[in-house]
Protein chains: 2
Amino acid sequence: MTDTKTKLLDVAERLTQTKGFNGFSYLDLAEEVGVKTSSIHYHFKTKADLALALVDRVHGAHVAAFGQLDAQVPNAENRLAAIVEVFEGYVNDDKFCLCGMLSAEFQSVSPAVRGRLRTYFQDMRSWVAKQLNEMGFTDSDNRSLSFVSSLEGSLLLARLNGDASLIGSALEQVKQN
Amino acid sequence: MTDTKTKLLDVAERLTQTKGFNGFSYLDLAEEVGVKTSSIHYHFKTKADLALALVDRVHGAHVAAFGQLDAQVPNAENRLAAIVEVFEGYVNDDKFCLCGMLSAEFQSVSPAVRGRLRTYFQDMRSWVAKQLNEMGFTDSDNRSLSFVSSLEGSLLLARLNGDASLIGSALEQVKQN
DNA sequence: GTAACTATCTATATATCGATAGGTATTTTG
DNA sequence: CAAAATACCTATCGATATATAGATAGTTAC
């Protein structure tokens, strides 16, 4: 029996990824979860607090996923491929990246969220750089920037065109040299 | 010729690029331009119509800019650099790409806008591919996808970190061989 | 076993949303 | 000139936004 707070985060996450954080209301959220809007305010005092909780949760989940990949997948290229697959999966669900979305809406999110977004992408870049380094690239710092940028940008284009394969195509370039 | 309509588009464009299309209201727009919200409805019957007008205008402007660059800048690499500079300029104005923003908010825009966004990015990719082809790349089709993806993604990261140079760094990879 | 806490509800407040009706100058056109 | 179109306005609608107060039932702590 999933608790209400988790359900709220699940639905809010999906709505943010599909329509944007400013593209849904507490009423939308309440009706989907089956509670009243006042109950959402009980768990997340303001909508800004909900945004913060969303970023924190996805950040934690991704850091954990990075750790699991490091421990379980014995090849850096395959580890990177696993992340690419996650993003390809978004396309089929008509989703953008949650932190990419909030970064797009940057000027309408709280300073606290802005800080978290910077940390999220910094952590992602660091992890990607580590993989690229293991793959033998000497310019892993700059290449990781290119990797993450292409990942976000190609996801935007892939969803727009309903073609998940655009992500892999765009990233091929980054792995060349 | 009333320039109210132009002013409305100018401000709406900036608000979309900074806060997202769902991040501002007709009242925000009206107050900045100095008219009443009913006047906005006179020029753009619904907010969806405003979105359409925004995409159409920027699409026309960019197609025109591509043509001017082709006519006036005698080197493909410099022509590409000119586009990169436009995106670097966005960072200093805390803007994202207008069509990138609406693509992020994809699930909350009208089917008409979705179609226009596809055309916008298709035209951009075609033009970039032409430049890359002139630069001697034989994989210009795939490389243009990588270029545009990196451009959009790195703009997201650049604004997030207030560092316009991230765009050029990310794109260096694409121009390598 | 009662006091405090948790998680929800009802009910409401205040503000704003996009949108429309209808009026009024000004400009254009036949 | 008169009719029509243009570009605003005032006034207002119904719906929805985020948010709060206070009641209630169930659970936990002392």
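User: What makes the pair formed by B:Tyr26 and a phosphate oxygen of DNA strand C a polar contact?

Analyst: In this predicted model, where local features need pLDDT of at least 70, side-chain atom pairs count only at pLDDT 80 or more, and totals for chains, interfaces and linings use all residues, side-chain values use heavy atoms, with hydrogens and water left out. Residues are numbered from 1 along each chain as its sequence is written, while chains are lettered from A and ligands numbered from 1 in the order in which they are written. A polar backbone atom of B:Tyr26 lies 2.7 Å from a phosphate oxygen of DNA strand C. A polar contact is a pair of N or O atoms within 3.5 Å (within protein, one must be able to donate a hydrogen and the other to accept it, and residues adjacent in sequence count only if both atoms are side-chain atoms), so the pair at 2.7 Å qualifies. A polar backbone atom of B:Lys47, at 2.8 Å from a phosphate oxygen of DNA strand C, and a backbone N or O atom of A:Lys36, at 3.0 Å from a phosphate oxygen of that strand, are judged by the cut-off in the same way.

User: How do you know which residues surround DNA strand C?

Analyst: A residue is near a strand if one of its heavy atoms lies within 4 Å of it, and 17 residues surround DNA strand C, the closest being A:Thr4, A:Ser39, A:His43, B:Ser25 and B:His41. Of the strand's atoms within 4 Å of the protein, 62% belong to sugar or phosphate and the rest to bases.

User: Why is part of the surface near DNA strand C called nonpolar, and which helix gives the largest share?

Analyst: Ala, Val, Leu, Ile, Met, Phe, Trp, Tyr, Cys and Pro count as nonpolar, Asp, Glu, Lys and Arg as charged, and the others, Gly among them, as polar, which is how the surface comes to have five nonpolar, nine polar and three charged residues. The largest share, four residues, comes from helix 3 of chain A, where a helix is a DSSP run (H or I, at least four residues; strands are E, at least two), numbered from the N terminus.

User: What makes up the surface near DNA strand D?

Analyst: Helix 2 (26-33) and helix 3 (37-43) of chain A, together with helix 3 (37-43) of chain B, each supply at least two residues, and helix 3 of chain B gives the most, with four. The residues of this surface divide into five nonpolar, 10 polar and three charged. Of the 18 residues around DNA strand D, those that come nearest are A:Ser25, A:Tyr26, A:His41, B:Thr4 and B:Ser39. A polar side-chain atom of A:His41 lies 3.2 Å from a base nitrogen of the strand, whereas an N or O atom in the side chain of A:Lys45 is 3.2 Å from a phosphate oxygen. Both distances are within the cut-off of 3.5 Å, so both pairs are polar contacts.

User: How do you know how many residues of chain A and chain B are in contact?

Analyst: Contact means heavy atoms within 4.5 Å, and by that rule 41 residues of chain A are in contact with 42 residues of chain B. The buried area (the accessible area, with a 1.4 Å probe, that two parts lose on being put together, summed over both) is about 3,500 Å² between the two chains, and carbon and sulfur atoms give 61% of it. Between these chains there are also 15 residue pairs in polar contact, both residues at pLDDT 80 or more. On the side of chain A that touches chain B, the largest share, 15 residues, comes from helix 8 of chain A.

User: Why is the pair of A:Arg57 and A:Glu13 called a salt bridge?

Analyst: A salt bridge is a side-chain nitrogen of Lys or Arg within 4 Å of a carboxyl oxygen of Asp or Glu, and the side chains of A:Arg57 and A:Glu13 meet at 3.1 Å, N to O, so the pair fits. A:Arg57 belongs to helix 4 (residues 47-72) of chain A and A:Glu13 to helix 1 of chain A, 44 residues apart, and the pair therefore links distant parts of the chain. Side chains of opposite charge can pair when their charged atoms come close. Over all chains the search finds 18 salt bridges, although the count between chain A and chain B is zero.
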